[in-house]
There are 2 protein chains.
Amino acid sequence: MANGRIEGVLRHADSTHQAALERWFALLRIPSVSAQPAHAADCAAAAEWVRAELAELGFEAALHATPGQPCVLAHHPGPGGNAPHLLYYGHYDVQPPEPLELWTTPPFEPTRTQGPHGERVVARGAVDDKGQVCTWLAAFRAWHAVTGGLPARVTVLVEGEEEVGSPNLEPFLLTQRAALAADAAVISDTNMWDIHTPAITTRLRGLVYVELTLRAATRDLHSGLYGGSALNALNLLTRILGDLHDTQGRVRLAGFYDRVRPVPPEQAASWGALGFDEREFLGQIGLLQPAGEAGLPALERLWARPTADINGLWGGYTGPGAKTVIPGEARAKLSFRLVPDQDPAAVLASFRRFVAERLPPGIEAAYEVFGQSPGIEVPTHSPLIAAARAALAEEYGREPVFVGSGGSIPVVESFKRVLGLDTLLMGFGLDDDQVHSPNEKFDLACFTHGLRAHIRLLGHLGPG
Amino acid sequence: MANGRIEGVLRHADSTHQAALERWFALLRIPSVSAQPAHAADCAAAAEWVRAELAELGFEAALHATPGQPCVLAHHPGPGGNAPHLLYYGHYDVQPPEPLELWTTPPFEPTRTQGPHGERVVARGAVDDKGQVCTWLAAFRAWHAVTGGLPARVTVLVEGEEEVGSPNLEPFLLTQRAALAADAAVISDTNMWDIHTPAITTRLRGLVYVELTLRAATRDLHSGLYGGSALNALNLLTRILGDLHDTQGRVRLAGFYDRVRPVPPEQAASWGALGFDEREFLGQIGLLQPAGEAGLPALERLWARPTADINGLWGGYTGPGAKTVIPGEARAKLSFRLVPDQDPAAVLASFRRFVAERLPPGIEAAYEVFGQSPGIEVPTHSPLIAAARAALAEEYGREPVFVGSGGSIPVVESFKRVLGLDTLLMGFGLDDDQVHSPNEKFDLACFTHGLRAHIRLLGHLGPG
């Protein structure tokens, strides 16, 4: 372990901190919204920004076109010899900023404001995932500046479609399997336990995301002239989706829980010891009591139980005032969060049967699937996890905790299945970061400790 | 009865038919959408168009400002003596044309196309209510041209907020009670039985229109990080509204049917004799089977039973692609069609209780009410109804039928309650007019027979 070298690199990072912030802010100013076709050029600009950054740091870096947004793929040879080879993954795309009226500052103009833990940066993508990507980019830069290279061999993959379900990532992994060979992967797209306590995430939920369209009458109808005779697509859609959960909050799809494993007692005990305060967690967002399955501990509901959520629903007249239509069509976007061993295809099929069983004759249901990935678990005993535990413990002065996450990072499953790689999930977000919401932020303390932790991680992996 | 005079006026109307069409088309070109604030000036222009038209025909005609769109109020003295005094009512406002992409021709450019019954005119408001208003305006014009006056004393009231629930009409009736005095009211805003069979409508359903907003979390949430713990406003809204009907299609609001009278056997028999083909009625709009209460005849469900319809619903992410949010807020517009003796205020209160009983602690429901009117029945034995039966029988060569309508014309109830007037509902629309939908149309045959029937009606009422 070259602790002297690490300290030198950390000092350099501290002395060039302002420049690291400015690079991060430049990336945040690019409105790379992958879900909205109007932002395709912005996605390309963000990809090029990342490529150029890596090229400056001694990487051989290139953009790779896909049917959607381009991928950045870059290689750094590291110190040679038998240094470990890591694959860093991130994404440069962001969620749509809407609803715009709820932002207190422009979503694509990073703004420094004061929070309970000091300064923070408010912008779409502040943390997810531009801010986290910039922690390890800044770590690379510091090592490069001080030593002229990196202490490990590094491959970087930054994609631009994570927020729309990464439809083109898996084909890319398949065709670039050789170029992506590594010993393990590193991703910073998860949270700390709290501002003082670093975390390594060992569980992720999977996702099925589907848009359902119900088509009834061939046009919208006058509710007076047809009400009582013509089927109302919104009445039907609410009836079907209102039936998705039972009174105990369990999802009523057939077979939904068949392959859901109970949480092992020692894991449940370790989660219980974290002292998670669900009342406070929900109080921050104005809620008085939990939803979800009755009778289960909060962290089990969030990390180890599957869910069904309507993410969007629309139909009929939604403008100002009154319009008495019976809508001919109604649509909903739904996501199912999955846990290990649930089969996304089986969940989707069960949902389609659930809808089909509730359709009157002649009513059509159409489906568009935007994402399917299983839940995963990461093994906790590996040299990389050991190095990460040491790096985090040194940076924060306390041991990191092993946690789950209710979110989905499908690439972790793809890396395992396609490339044979386990992934270290070491992230620096906080629960109140408003990820995917207006006023997304990243605390400066998280950014700074994050980049320092990445410097330490590389130092622990490199030749002594 | 001055049948010779009537024939002369009819001949004049026939010979000036093209000019009548052009006046109607001029009114259709004004996009007087009362629900959309951007169209306020267009509403004012439509009001002025009607005022000027009446002024040309010997009326003393004026615009009256309201807190919303202006009313046109006009008086014609008629022939003097003890001629009957009629109040003609109509509305110059129209429904929003959206969704625009479903129109085959521009909604505010009246377009003559061919249909199964000859030419028709396609435009927003073609029939509802501009086309119908223009039938009696053209009848006035023909009488005025041939005789220099009208055979009855006539007051005209044309409002501009019927499509948004007439929020300012009742105060106007109250303050203008003296100016609106008459023997009876005439409204053309209903349908014929079919293209060959005229109809007088004797039943109308009432309406409660309400917008419901559910507020859960203070912002949209990431469905991975919060799914399983935070309540989803759309999950809750679909659960509540999906519960509005039982498996037999009955509305589950407490007390909803308590004051609903069964249809008298003779009325049920007369409706049965109309030979209504619900399969064909629904087939025209692409539906295979009826919705609504199980086990009841179609016309009873459409005319004499109350309903609950969701007219619009929205929440969460509704743009292209996938966004995994748990929406903090969700909204729905609902209407309840009511039958005589149901109390709109009681229905609204019952709906609010229905929602409140299903709200978890801390979740807020807000309501905006856009309309409340009871269902009504019109007596069928009156001199005006007798004159209308005669006029329609002569024009069509067959007796008119007495029908119900599932729609609401709240002003009929207001006229009875505030002004003490019964209303003749003699309208010339057809079921396939696509009222409130894209490609609204009015058959030229309906327009032409309508204006001739109005000429006859005035002739039958006037001095012999």
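**Notebook: helix packing, sheets, the A–B interface and backbone outliers**

I looked up helix α12 (residues 383-396) and helix α14 (residues 444-461) of chain B, and found that their axes come within 8 Å and cross at roughly 135°. I note here that the model is a predicted one. I recorded the angle and the distance because two packed helices are described by the angle between their axes and the distance between the axes. Angles over 145 degrees would count as roughly antiparallel; α12(B) and α14(B) are therefore oblique to each other. I entered the hand of the α12(B) and α14(B) crossing as right-handed.

Next I listed the residues that make this contact. From α12(B) they are Ala387(B), Ala388(B), Ala390(B), Ala391(B), Leu392(B), Glu394(B), Glu395(B) and Tyr396(B). From α14(B) they are His449(B), Arg452(B), Ala453(B), Arg456(B), Leu457(B), His460(B) and Leu461(B). By class, I have nine nonpolar, two polar and four charged residues in the contact of α12(B) with α14(B).

**Sheet in chain B**

I then traced an open sheet of three strands in chain B, with the order β15-β8-β16 and mixed pairing. Which strands stand at the edges? They are β15 (376-377) and β16 (401-405) of chain B; each has a single partner strand, so one side of each is left without a neighbour in the sheet. For the pairing of β8 (residues 199-204) of chain B with β15(B), I found two bridges, and the two strands run antiparallel. As a reference point in β8(B) and β15(B), I noted that Arg203(B) stands opposite Glu377(B).

**Interface of chains A and B**

I turned to the interface and found 85 residues of chain B in contact with 85 residues of chain A. Which element of chain B gives the most to the side that touches chain A? It is strand β11 (residues 307-316), with nine residues. I sorted the side of chain B that touches chain A by class and have 35 nonpolar, 37 polar and 13 charged residues.

The β11 strands also pair across the two chains. I found five bridges joining β11 (residues 307-316) of chain A to β11(B), and the strands run antiparallel. Within β11(B), Gly315(B) is the residue that stands opposite Leu313(A).

**Cis peptide bonds**

I went through the peptide bonds of chain B next. The bond from Glu98(B) to Pro99(B) is cis, with omega near 0°. I placed Pro99(B) in the loop between β3 (85-91) and β4 (111-115) of chain B. The bond from Asp128(B) to Asp129(B) is also cis, again with omega near 0°. Asp129(B) lies in the loop between β5 (118-122) and α4 (130-147) of chain B.

**Positive phi**

Finally I looked up positive phi values in residues other than glycine. Asn439(A) is one, with phi of about 65°. I located Asn439(A) in the loop between β17 (423-425) and β18 (441-443) of chain A. Is Asn439(A) buried, exposed or partly exposed? I entered Asn439(A) as partly exposed, because it has 19 C-beta neighbours inside 10 Å and the cut-off for buried is 20 or more.

Gln434(B) also has a positive phi, near 60°. Its place is in the loop between β17 (423-425) and β18 (441-443) of chain B. I entered Gln434(B) as buried, because 22 other C-beta atoms lie within 10 Å.

Terms used:
Residues numbered from 1 in each chain as written. Chains lettered and ligands numbered in written order. Predicted model: local features only at pLDDT ≥ 70, side-chain atom pairs only at ≥ 80, totals over all residues. Contact = placed C-beta atoms within 7 Å. Helix = DSSP H or I, 4+ residues; strand = E, 2+ residues; numbered from the N terminus. Nonpolar A, V, L, I, M, F, W, Y, C, P; charged D, E, K, R; others polar. Pairing = 2+ DSSP bridges. Buried ≥ 20, exposed ≤ 12 C-beta atoms within 10 Å, placed from the backbone. Axes fitted to C-alpha atoms, helices over the stretch in contact; angles between N-to-C directions. Parallel < 35°, antiparallel > 145°, perpendicular 65-115°, else oblique. Left-handed = near helix turned anticlockwise from the far one by under 90°.
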